[in-house]
Amino acid sequence: MAAAILDRLAEILPEDRVSVDPRTRQSNSEDYAWFSNVLEEDLGGCRADVVAWPTTAAELADVLAAAHGTRTPVTARGGGTGNYGQCVPVRGGLVVNLTRMNRVLELGDGLARVEAGVRFADLDRAANAVGQEIHIYPSTYLTATVCGFVAGGSGGIGSVAHGVIADGNVLAATVYPVRDTPKRRQLTGAELSSVIHAYGTTGVLADVTVPLARRIGWEQAVYSFPDIVACHAFALELMEDGTVPKRLLSSVEPGITRYFGRARLPFPAERTSAILMYGLGHRERVETLAGRQGGCLEFALPQDSRTRLSDFTWNHTTLWAKKADDSLTYLQTGWSVERFGEQVHAIQAEYGEDFAVHCEYFRADGSPFTAALPIVRYRGREHLDRMVEFVESVGVGVANPHRYVLEEGSKVENVEELLRAKRENDPAGLLNPGKFQAAFTAGEQTGHTFKPASMTLARQRVL
Ligand code: FAD
């Protein structure tokens, strides 16, 4: 089977855009699953058999047809910054690396259409040049691709104002199926939810259209508060204040900022930090709101600073902590805005310093939402599972980042819709197999061909 796909790829792509080099296969088979001690163990050793780099949508279509014709598992890959083994090819096969499909196709008033492999930093640069900026982007701004974010991400910088990906932050997408003669489909509106956060199991995105906003100047600043609960009260007030434009509103306990040491920024050692991006000229109002909760300005970056405070927010906090101490890991949680203090106290009474809180504030369906990516001590699988149970028992929702199967990692409310898209775009069950459990269950029940197809060279995992 390996020889068949190689022959087909040789007909489609030049030699230097197909690789079976072991190191290249390895680096194209990894993401940031190592943030989880559990996934690092579960996914270590999974490796693609071959990597291909299409540069155009036509080449992508041909590559997907080749995968279908040879029944080769195929996993789309952008920047490879996903957190839960999203683009780890658990059944080996072909990794389609999309980073060379990297053209900004259209820059209009209020929107940009970009190829799959355009990175956020490049899109931002292009948008800035015409007085606009991206609505939302992950903290992996330099490396992550726009389509990787749509297929694997959730929210990020800008979400405090514009919500998460599904809140209108994708306007259209071009999707290719894995079929002998792949016909592309244009998705808009509600149809887009069949590809958003589906881990590339329901089709491969060739391009997406995202909204842009008018560019304004942002101040990056850190305020400090007596504790995370006072900081939460400030965050809610700031969210409700319609006069201050906001791009980032994060809170980080000193138990986490201690790991930022190498950055040599003056984060406070004993107090909780609020890491903010707000409209230039609005500092006075922010200081007033902070003062009401015992907060004060610690530092603001100069306008020409190349430092991005977003590098200390979203899942970058885990990166800092993990690099400092490998026995640390994280959870992804959603909190009650009203019962936040009570929930924090209950969890920290149980776990103490093993549970340090970091929150991201954003709008979900228009309402304020408190998500947290706490840094927790890893003391084995059972301990971690018990911690998840305890956290849920006090009313905090957990999207478990220690699972690589879509439905186990997050609450998937549109399984039927994803299954329909899967039948349409991936009848042979080749797209990122092993990640969408319902597809295999449905395949077994209906005799559909959503069966694991594995190549011989890769380490195989059957769920
Ligand atoms: P990849 O990791 O390459 O892929 C992600 C998923 O999308 C995979 O399942 C892959 O198969 C699929 N995919 C990729 N391209 C396509 C395509 N063209 N068509 C179909 N499927 C495709 N996430 C957030 O949401 N917000 C954050 O702020 C954030 N911060 C992070 C910080 C750090 C330090 C790290 C390591 C991760 C963070 N993440 C965050 C997770 C990740 O960076 C984002 O989800 C990112 O947008 C993924 O983009 P990528 O190009 O790296 O995708």
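These notes go through a predicted model of one protein chain with a ligand, from overall form to single residues.

1. Overall form. The protein chain contains 16 helices and 21 strands. Its C-alpha atoms fill a box of roughly 65 × 50 × 40 Å along the principal axes. A compact globule of 463 residues would have a radius of gyration near 23 Å, and the 22 Å of the protein chain agrees with that. Of the 463 residues, 51% count as buried.

2. The shell around the ligand. The ligand is surrounded by 38 residues, and the closest are Gly78, Gly148, Gly152, Gly153 and Gly200. Two or more residues each are given to this shell by strand 3 (74–77), helix 6 (146–152), strand 10 (204–214) and helix 11 (316–324). Helix 6 supplies the largest share, five residues.

3. Make-up of the shell. Sorted by class, the residues around the ligand are 21 polar, 15 nonpolar and two charged. Both domain 1 (104–214) and domain 2 (218–401) take part, each with at least three residues in the shell.

4. Helix 8. This helix covers residues 228–240, which makes 13 residues. From its first C-alpha to its last it reaches 18 Å, close to the 18 Å expected at 1.5 Å a residue. Which residues of helix 8 are buried? They are Ile228, Ala230, Cys231, His232, Phe234, Ala235, Leu238 and Met239.

5. A sheet of three strands. The order in this open sheet is 15-20-17, with antiparallel pairing. Strand 15 (328–330) and strand 17 (355–356) are at the edges; each has a single partner strand, so one side of each lacks a neighbour in the sheet. As background, strands of a sheet pair through backbone hydrogen bonds, in either a parallel or an antiparallel way.

6. One pairing in that sheet. Strand 17 pairs with strand 20 (residues 375–377) in the antiparallel sense, over two bridges. Opposite Ala356 stands Ile375, a residue of strand 20.

7. Val170. This residue sits in the loop between helix 7 (159–162) and strand 8 (172–176). Is Val170 buried or exposed? Val170 has 24 other C-beta atoms within 10 Å, and a residue counts as buried at 20 or more, so Val170 is buried. Val170 and Leu418 are 248 residues apart along the chain, and their C-alpha atoms are separated by 17 Å.

Conventions
Residues are numbered from 1 along each chain as its sequence is written. This is a predicted model: local features need pLDDT of at least 70, side-chain atom pairs count only at pLDDT 80 or more; totals for chains, interfaces and linings use all residues. A residue is near a molecule or strand if its C-beta atom, placed from the backbone, lies within 6 Å of it. Helices (H or I, at least four residues) and strands (E, at least two) are DSSP runs, numbered from the N terminus. Ala, Val, Leu, Ile, Met, Phe, Trp, Tyr, Cys and Pro count as nonpolar, Asp, Glu, Lys and Arg as charged, and the others, Gly among them, as polar. Domain bounds come from an automatic or database domain assignment. The expected span of a helix is 1.5 Å times one less than its number of residues. A residue is buried if 20 or more other C-beta atoms lie within 10 Å of its own, exposed if 12 or fewer, and partly exposed in between; C-beta atoms are placed from the backbone. Two strands pair if DSSP finds at least two bridges between them. The radius of gyration is taken over C-alpha atoms; the globule rule is 2.2 Å times the number of residues to the power 0.38.
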